[in-house]
Structures are given as C-alpha cells and as structure tokens.
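Reader: I am new to this structure and would like to know what the terms used for it rest on. Please set each value against its definition.

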Amino acid sequence: MTATMTDTPPPAAPKAPGAPQRSGRSLGQVLMIVAGALLLLAAVRMITDSNQLDSSGQVAAALGLAVPIGLAGLAGLWSERAGVVNIGLEGMMILGTFGAGWVGWQSSPWLGLLCGVGFGVLGGLVHAVATITFGVDHIVSGVAVNLLALGATQYLAKLFFADGTAAQEGGNPKQSPPADSLPDVTVPGLSDGLASLEKHHWFLVSDLAGIVGGLVTNLSVITIVAVLLFVGSWWLLWRTPFGLRLRSCGENPVAAESLGVNVYRYKYAAVAVSGGLAGLGGAFLALVTSHTYLEGQTAGRGYIGLAAMIFGNWRPGGLAMGAGLFGYSDALQLRNGGVTVHALLLLLVVLLALLAGWKLYKKAVVQGVVSAVMAVLVLVWYLLTDEVPSDFVGATPYVVTLLVLSLSAQRLRMPKADGMRYRKGQGK
C-alpha cells in the first residue's frame with residue numbers, strides 16, 4: 001500500500017492521448033516582431049530624449065538581472081515538461097547561493113559554482129522523492145522545499161560565518177566572506193566601436209549599437225553558459241528521442257509507460273536537472289552579482305522565473321523573452337529610474353493602442369475598449385507628469401509580471417499531465 005503525505009492527493013494522470021503541440025511562430029514572424037520593437041523603441045527614445053532606454057549600460061544591467069530569472073524559468077521548464085510542478089525553485093536557488101558562497105570563499109569560485117549546482121540538485125531530489133515516489137501534492141512539496149531551504153541556510157550561515165576566520169574576513173550570520181570573481185569576456189575592438197556609435201544618438205543606428213554593445217561588454221562566463229544551456233535545452237527536449245520521451249511523461253505518462261518508457265526515471269532526471277539549473281541561478285547571484293552569499297538575495301526570483309516560464313508557454317524561446325523583459329524592467333530602477341520609466345509610458349501607450357486595434361479587429365469589443373481606455377489613461381499620465389514616483393519605479397518588475405501574465409493567459413497551454421499523480425504500472 002502506497003503512503004502519501006497529504007489528505008487530498010492530486011488527481012490521477014489522464015489516460016486519454018495527449019493533445020498535439022501547437023506550432024510556434026515562424027522565423028520570419030519573429031524577425032518582423034523584433035524589427036518592429038526596435039523601431040518603436042528607437043522612436044520613443046528620440047521623442048522623449050531618454051537615451052537610457054536602450055543604452056549599453058541599461059542592456060548590460062538588464063542582462064545581468066535576467067540571467068538568474070532565466071535559469072530559474074529554465075529549471076521550471078525541465079521539471080514541468082516531465083509533469084512535475086516545481087514551486088520549490090526559490091528554495092533551490094537559495095541552496096545554490098549558500099553553496100556557491102560557502103565553497104567559493106574557502107577555495108575557488110569555480111568550485112563554488114559546482115557546489116551551488118550540487119546544492120540545487122539536492123533540493124531537486126528532495127522534491128522528486130516527495131512528489132514522484134510518495135505522491136505528495138506538488139505545490140505542498142514545493143512550499144516545503146522553500147521553507148526548508150530558507151531555514152537550513154539561515155542556520156548554516158550562523159554556524160559557519162558568525163565567528164572564527166570567516167568573521168575576520170567579513171562574514172557574519174547573514175552573509176559569507178567575499179569570494180574571488182569569475183572572469184568576464186569583452187569582444188576586443190567591437191565593444192569600443194559600438195560605444196563610439198552609441199554616443200552619436202543616431203536614430204536606430206545608435207540604438208542597435210547600444211543593445212549589441214551591452215551584450216558583448218564585460219560578459220560573465222556564467223551568462224555565456226546560460227545562453228548555451230537555453231540552446232542545448234531546446235535541442236535536447238525538442239530534437240532528440242530523449243526529449244520526446246521526457247515530454248511524453250508530462251503529456252501522458254500512462255501512454256508513455258505502455259510504450260516502454262521508464263516514467264519514474266525520466267521524471268527524476270528532469271527534476272534533478274531542474275534543481276541544478278536553479279542552483280546555478282543562485283550561484284550567479286552569489287558569485288557574479290554580489291561575490292558573497294547574502295541572506296534573502298534571491299528576492300523572489302524563483303517565482304518570477306516561473307512567471308517567465310508561463311509567459312513563454314513552456315518553451316525556451318518565449319521563456320528567454322520573458323526573462324529579458326523582467327530583467328529590463330528591474331534594471332530601470334538602477335539607472336535614472338523615474339525619468340526612464342516615464343519615457344517608457346509612451347511606449348506602453350503605443351502597445352496598448354495596438355492591442356486595442358487588434359482586439360477590435362478580432363471582434364473582441366470589450367477587451368478592445370478596455371485596452372483603448374487604458375491607453376488614454378496612460379497617455380494622460382505621461383502628459384501631465386515629468387517623472388514617475390520612485391515608489392512605483394521600485395514596483396515596476398512586479399507590475400510587469402502581472403500585466404504580462406494577464407495579457408498572455410489566453411494563449412497558454414501547459415503540459416496536460418503537469419502536477420498530476422502517476423503510479424508505476426498504470427499503463428500496463
């Protein structure tokens with residue numbers, strides 16, 4: 001008799017065949033959207049004279065803030081594509097920050113990086129044992145992992161950093177001593193040339209120079225690794241037999257088992273990889289952003305990563321766009337936030353107007369009218385003010401999260417068996 005840890009277990013996995021995946025946008029459509037966004041951004045920059053909108057500094061800051069969010073979202077994608085909801089990403093990131101800070105201070109940042117990934121894998125395996133083996137509700141298990149990770153790291157920080165050599169080198173009960181930095185990469189020649197073009201503030205040319213310059217200057221090696229992980233995850237999950245079997249476990253594990261797939265093995269592998277990726281995101285915060293472990297330094301990025309994954313419709317490309325959007329909005333706080341966010345209001349007016357026109361064209365009258373009214377209200381706000389209050393600027397990433405999820409909710413399709421309990425032998 002199988003024991004469970006909850007009184008109300010999740011529903012059994014579906015026995016009907018999974019629905020086919022909808023095809024994504026073509027390359028031509030994606031390029032047209034990117035080109036349109038660049039033209040619109042350049043026009044808004046020229047009209048508002050807000051050169052920080054797409055400067056190399058703004059792009060570099062956005063990229064640094066987007067990487068841990070993107071890694072957390074990629075971690076959630078691996079887990080949920082195998083049918084396991086992973087609310088515990090925040091806790092796995094916390095474990096990654098502690099492991100990276102603890103080992104990185106005592107030895108080298110490279111070993112700290114590996115330890116951060118290992119601590120994340122450990123958190124993922126705890127979640128896997130609870131949900132896959134014992135059938136615990138996935139949400140309950142994820143919340144438990146978050147609480148356990150927070151409590152464990154707080155206790156271990158007081159144990160290892162509060163006195164002795166650690167305290168002499170700058171540690172205290174809430175942070176580790178500083179670790180050495182990981183190397184950065186700058187493309188020689190190209191970075192200086194792009195910086196020169198950006199200073200002229202030419203329409204579109206300087207905008208492109210600022211964006212590309214921010215992507216090739218002082219680039220952390222973990223950022224490069226994160227990009228490779230996104231590309232590798234897409235290829236592995238959508239272009240290999242391994243990925244097909246893993247995704248079948250999230251769509252219909254009963255049918256997958258009937259075809260000879262070891263569902264438990266694939267689910268365990270996916271959740272372990274998920275924990276490792278979340279731990280890598282935490283290690284980025286500890287070794288790149290601050291060079292120390294700090295209590296609370298994840299600041300909810302695991303949850304924002306989940307939001308980015310949902311925005312991306314459980315696909316790496318959309319997830320990367322979502323993480324970039326959240327990182328960009330977060331970076332606005334750091335670079336003349338109030339003035340820059342005020343300029344961004346004009347961009348929001350144009351987007352809401354376009355959305356209103358599209359909804360009215362599709363006969364969605366109510367949604368079209370609501371979007372049009374919102375566009376008018378934001379335009380009035382823009383015309384009557386010169387700067388957005390600092391309190392609102394600080395809330396910008398969370399407001400963007402809510403807006404993006406609300407606007408994208410109608411086109412989302414999660415894996416069909418995501419979060420559902422599966423028992424070995426159901427397909428026989």
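Author: What follows takes the helices, the cores and the cavities in turn. This is a predicted model, in which local features need pLDDT of at least 70, side-chain atom pairs count only at pLDDT 80 or more, and totals for chains, interfaces and linings use all residues. Residues are numbered from 1 along each chain as its sequence is written, and side-chain values use heavy atoms, with hydrogens and water left out.

Reader: How do you know that the span of helix 4 agrees with its 25 residues?

Author: Helices are DSSP runs of H or I with at least four residues, strands are runs of E with at least two, and both are numbered from the N terminus. The expected span is 1.5 Å times one less than the number of residues. For the 25 residues of helix 4 that gives 36 Å, and the end C-alpha atoms lie 35 Å apart, so the two agree. Just after helix 4, Gly135 has a positive phi of about 70°. The protein comes to 18 helices and two strands.

Reader: What makes a set of residues a nonpolar core?

Author: The set must consist of buried Ala, Val, Leu, Ile, Met, Phe, Trp, Tyr and Cys residues joined through side-chain atoms within 4.5 Å. Buried means under 20% relative accessible area, exposed over 50%, and partly exposed in between, with a 1.4 Å probe and protein chains only. The largest such core has 35 residues, and Leu246 and Leu319 have the most contacts inside it. Helices 2, 3, 9, 10, 12, 13 and 14 each give it two or more residues. A second, separate core of 21 residues includes Val44, Ala343, Val378 and Val393.

Reader: Which residues does Leu246 contact, leaving aside its neighbours within four places in sequence?

Author: Contact means heavy atoms within 4.5 Å. By that test Leu246 touches Trp78, Arg81, Ala82, Leu237, Tyr266 and Ala270.

Reader: Why is a space called a cavity?

Author: On a 1 Å grid over the protein atoms alone, a cavity is a set of points where a 1.4 Å probe fits but cannot get out; lining residues have an atom within 4 Å of a point. By this rule there are two cavities of 30 Å³ or more. The largest holds about 70 Å³, volume being the space filled by probe spheres set on points joined across faces, edges and corners. Its lining includes Gly83, His138 and Arg421. The second largest holds about 50 Å³, and Arg45, Asp54 and His201 are among its lining residues.

Conventions. On a 1 Å grid over the protein atoms alone, a cavity is a set of points where a 1.4 Å probe fits but cannot get out, and a pocket is an open set with protein on both sides within 12 Å along at least five of seven lines; lining residues have an atom within 4 Å of a point.
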